[in-house]
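Thank you all for coming; I would like to take you slowly through one structure this morning. Please look at the display first, and then we will go through it part by part.

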Amino acid sequence: MTLRVHPARPLAPIFVAAAIVGTWWVVAHNSGSGWVQALGDVVFGVLFIGIVGPSLVLARAKIHLAAAPLDGTAGLTLDLTIRASTRLRVSPADPPGPEAFIGPTRRRGAGEERVTVLPDQRGVHHFVTLRVATAAPFGLQWWAHRVRVGLPAPLHVAPRRGQPEPLPRWVHEQLGESVQRVPTDSGEPRGVRPYRSGDDRRHVNWAATAHAAELMLRELEEPAAEPVRLTVVLPLDPEQGERVAERALGTVVVLLERGAAVILATTESSGPVVASVADRRGAGRRLARAVSQPGASAGAGIAMSR
Amino acid sequence: MRVLEAIRRANQPRAPEHSVRLRVATTCAVLVAIGASVAESTLAPATAVLAAALVVAGMVFSHATRERPPWWIKVLVAIAAVAALVWFTRQLSAIAGEDITSVEDLLTGLFGAILVVHSFHVPSRRDLMFSLGSSGALMAAAAAQAVDLHFAWYALGWAALSLWTLVEGWVSASGGGQTSIAGLIAALVGVTAVAAAVFLVLPAPSFAVRIDFLARQGSGGSVGIPGTLAGDAGGAGQAAEPSRPGSPAGRTRVGGYLGFANRLDTALRGNLSHTVVMRVRAQRPSYWVGETFDSWDGQSWGATRIASHAAQGSPFTVPTPQGDIAGSQTDLQTFYVATSTPDLVFHAENATELWFPTSTVFYGDDGTIVSPIGLGKGTIYTVESSVSAAAPQQLREAGGGDLGRVFGGGTLPPALQRRYTQLPHAYPRVQALAQAITAGAPTTYDRIQALIAWMGANTHYSTDTPPLPAGADTVDEFLFGNRVGFCEQISTSLAVMLRTLDIPVRETVGYVPGPYNPVTDLYEVRASDAHAWVQVWFPGYGWQSFDPTAAVPLANPAPGATALTEVGHALRSIPVVPVVVAVAGAGLAVAVGRRRRSRPRTWAEQVSRRIERAGRRAGRPRRASETITEYATDLDHISGDGSLTWSRLAGAVEGSAYGGRQPPPGDRREILASARRSRVRSAAAGRTIGLITSRSFGQKVAASEQRRSPSGGGHRPGDPA
């Protein structure tokens, strides 16, 4: 979508141009000289084209977003690859970013340029909104407008990694960090150990015994921990929602780092979504898509359950 | 505080400008402006050379110190700028009490000084733009003095360099952005179109409110006997020759005109050239009066004017000639003498005030003004006239009844009445003709108009007439001969006819206004614009001009209309056939170029297009969602002959486009030829929608496919086709 082209700073150049033309006109009429008037007409033509021309240049300018990343994180920069038909000053507005010039240059001609954006909040972007401006061909007056350029694929901006929620005791137990796992006769293989008197001979590992030159026994342990279900309910206030999402991401990352399987329950615009997340990127995408529920403020927050 | 903050912000040092091109373009624009000032004499050549050298040096210094300008340079620049302003103010106040005739020169000096001073501290882009603006002020001051089209070179040069500067400024501001040639051309066309539109719409500039009236001495020499009419000087510094009538053999006087002397021989018309004699800036077009004649001898006019002189300095108050009445319409004219002219001071009728570069001028009692010096190139003087705005009805009423001897409660003095109705002998035939023509005219004005109308209907204008025989009377020869003559003979005939009717009239010579130049806002008077007409005395209104040669009244010029007329003339003069041929050739070239650009670039594209064309002809265009293979399969299905011609072709195309498999050149040619020849045949209808491919084509494509397949081996360079 293209918004209306408008002068970037409407007053100063136009007033200066009007003053120049007015002064010139007074000189022409006081001198009675046709040459002054003729030259003044040329000056007026230059000022007129210099002031109005950029609007036409801008209206005809074409911007193509050649490449963009699929994922990002709020507060971290992203580079978009953009190609422009003419030299333009670009200021990313949504997501925001620093000003840059794109378009053909005298040295290397037409080509693709990188524009950096710095998303400050999580979310899913199907477009980027750019504020483009030009003063071509004479640099007298800047004209600008906002353009929305479609992304090749949706850009998921994950929340910042916030402080993780304190993990409940059962989570620690499940993760096997506070309590030693109990060796059992049945379960998952844990390793081998030397034979002790009283051990079941059916558990002798002959290959390890041959390798260690002593009788080695397979050791079994209890089954692995159950997945941790993390329910994230975002409040209506965007700022608070952002903070909750940040904490949720921090919690998910901690859980994943400790080897826990995580099931994330969020609400997206299409409805509630409960699904496991395998890595930080997946969690970031889920939280990028998460929205608050109407009336969710009361129960907003993060809840962990088995 | 806000103001202080704004000032502080405005004076914050800007980013240094690194673009050498921008600096060079700006410097060149400034140098052209200085050159224009020299060309228009608003800046002395030595001063200009010094200023140009300092500007270049200053720009080099500024570029070298752009990153860290030394602190002292700003102080020096400020001191020098203040000094220039003080100098300008002192100079201005010195001339304010006397004659403010050289404000432009002072302004040029001020702008030049500021440009020079400022060029030593131009570190940023904004400073360079200030230099460009100052050069514009210099150009405006020079343009105010420009009176001919030679200034166009400077104007075009400065405009081009200014555009270059602005473009380089944009390139620099946009971090080295590229401006396309097409964009530049479009901008240039836009600037030209807007400037032309404004030029066409705006009225001509008026100098009614100017505070100074130009008077400048040119290159004319001295006159032997001041106050008498002199001939044109031979050149700069050469003394003017005493006045003498010219001869038809050559260009003996100004552009070959034989008038502007003590006598006007109506038997001869000089060989007039198209030399620009002078340029006139005036509020309205007028006949520029040189002198009048009162004494007619049958072939020549003579002047019995009584000269008087005025000793007071410029501006001179011109006395109203005896019997004349100042008109009600003020007309201010500035004359720029372009070539050596006689010492006559041309002006619109009824001059009242004169700004002239001498301390003395001479007036005749008929209103003729004579310069004490020869008027050479470069002479400038300004005249204010009170032009009569009498309407025909007023003149009818003034001249009604018995010729109107009564003049505002008095009468035309008998001596003047005799002087301006003098005839060398009786003109019975002429008088009878005049009386017959004016029989139904009750007033003087009506009689004049009746005579002019008769002459318009019964005489013809031509400069190509043989000289009159010796002793022949011009009027008799013209009116009762072939009735073909030039302006002196036509106007003299009218004057004599009026005199036979006892109407006071005199012969007047001067120039018609000349063509109006919409760019310079000047009337360009050429030697060929020399003219003769008559002035008739009307009670209460004085001498009124009538031109029987060209009775059509002149209209005030409009720059737009004049320029459009000129453009129309220029367009009409364009040779149609060569232009049409050139345009047609250009169109053909464009069409060929477009066709070449739209031509398929590879053989695969050609084959693909052939397939699509064959399908279209068979009434089965390709859908956007179809691959070429799907499409070809469908075409084969339509054909129904089981040859799979189109599928094979499509296979070759896809193999080339997506698999990088290129058949040998011979096969490629055969495929192309077959694609050209192939047509889709509708098996169901039994009618030929197209021609089925040649019999060998299927085998050819199959063989090609076989060679391209991994087992068959692809084509390698050097393999036989």
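In chain A, helix H5 (residues 238–257) lies across strands E13, E14 (262–268), E15 and E16, and H5(A) runs at about 170° to E13(A). When I say helix or strand, I mean DSSP runs numbered from the N terminus, of at least four residues (H or I) for a helix and at least two (E) for a strand. Angles here run from 0 to 180 degrees between N-to-C directions, and axes are lines fitted to C-alpha atoms, for helices over the stretch in contact.

Before going further, I should say that this is a predicted model, in which local features need pLDDT of at least 70 and side-chain atom pairs count only at pLDDT 80 or more, while totals for chains, interfaces and linings use all residues. Residues are numbered from 1 along each chain as its sequence is written, and chains are lettered from A, with ligands numbered from 1, in the order in which they are written.

Returning to chain A, the sheet under that helix is an open one of four strands in the order E15-E14-E13-E16, with mixed pairing, where two strands pair if DSSP finds at least two bridges between them. Strand E15 (271–277) and strand E16 (301–305) of chain A stand at the edges with a single partner strand each, so one side of each has no neighbour in the sheet. Neighbouring strands of this sheet are turned by 20° against each other on average, direction ignored. Strand E13 (residues 228–233) of chain A is joined to E16(A) by five bridges, and the two run antiparallel; within this pairing, A:Val233 has A:Gly301 of E16(A) as its bridge partner. A second helix, H6 (residues 280–289) of chain A, lies across E14 and E15 of chain A, and runs at about 20° to E14(A).

For chain A as a whole, there are six helices and 16 strands. Of its 306 residues, 35% count as buried, meaning that 20 or more other C-beta atoms, placed from the backbone, lie within 10 Å of the residue's own.

How many residues does each chain give to the contact between chains A and B? Chain B gives 46 residues and chain A gives 37, with two residues taken to be in contact if their C-beta atoms, placed from the backbone, lie within 7 Å. On the side of chain B that touches chain A, the elements giving two or more residues are helices H6 (125–145), H7 (151–173) and H8 (181–201) of chain B, and H7(B) provides the largest share, 11 residues.

Let me finish with a second sheet, in chain B. Four strands form an open sheet there in the order E3-E17-E20-E21, with antiparallel pairing, and its edge strands, E3 (288–293) and E21 (542–546) of chain B, each pair on one side only. The twist from one strand to the next averages 40°. Five bridges join strand E20 (residues 530–538) of chain B to E21(B), the two running antiparallel, and B:Gln535 has B:Ser545 of E21(B) as its bridge partner. Helix H14(B) packs on this sheet, touching strand E17 (505–511) and E20 of chain B, and its direction makes about 15° with that of E20(B).

Notes. Buried ≥ 20, exposed ≤ 12 C-beta atoms within 10 Å, placed from the backbone.
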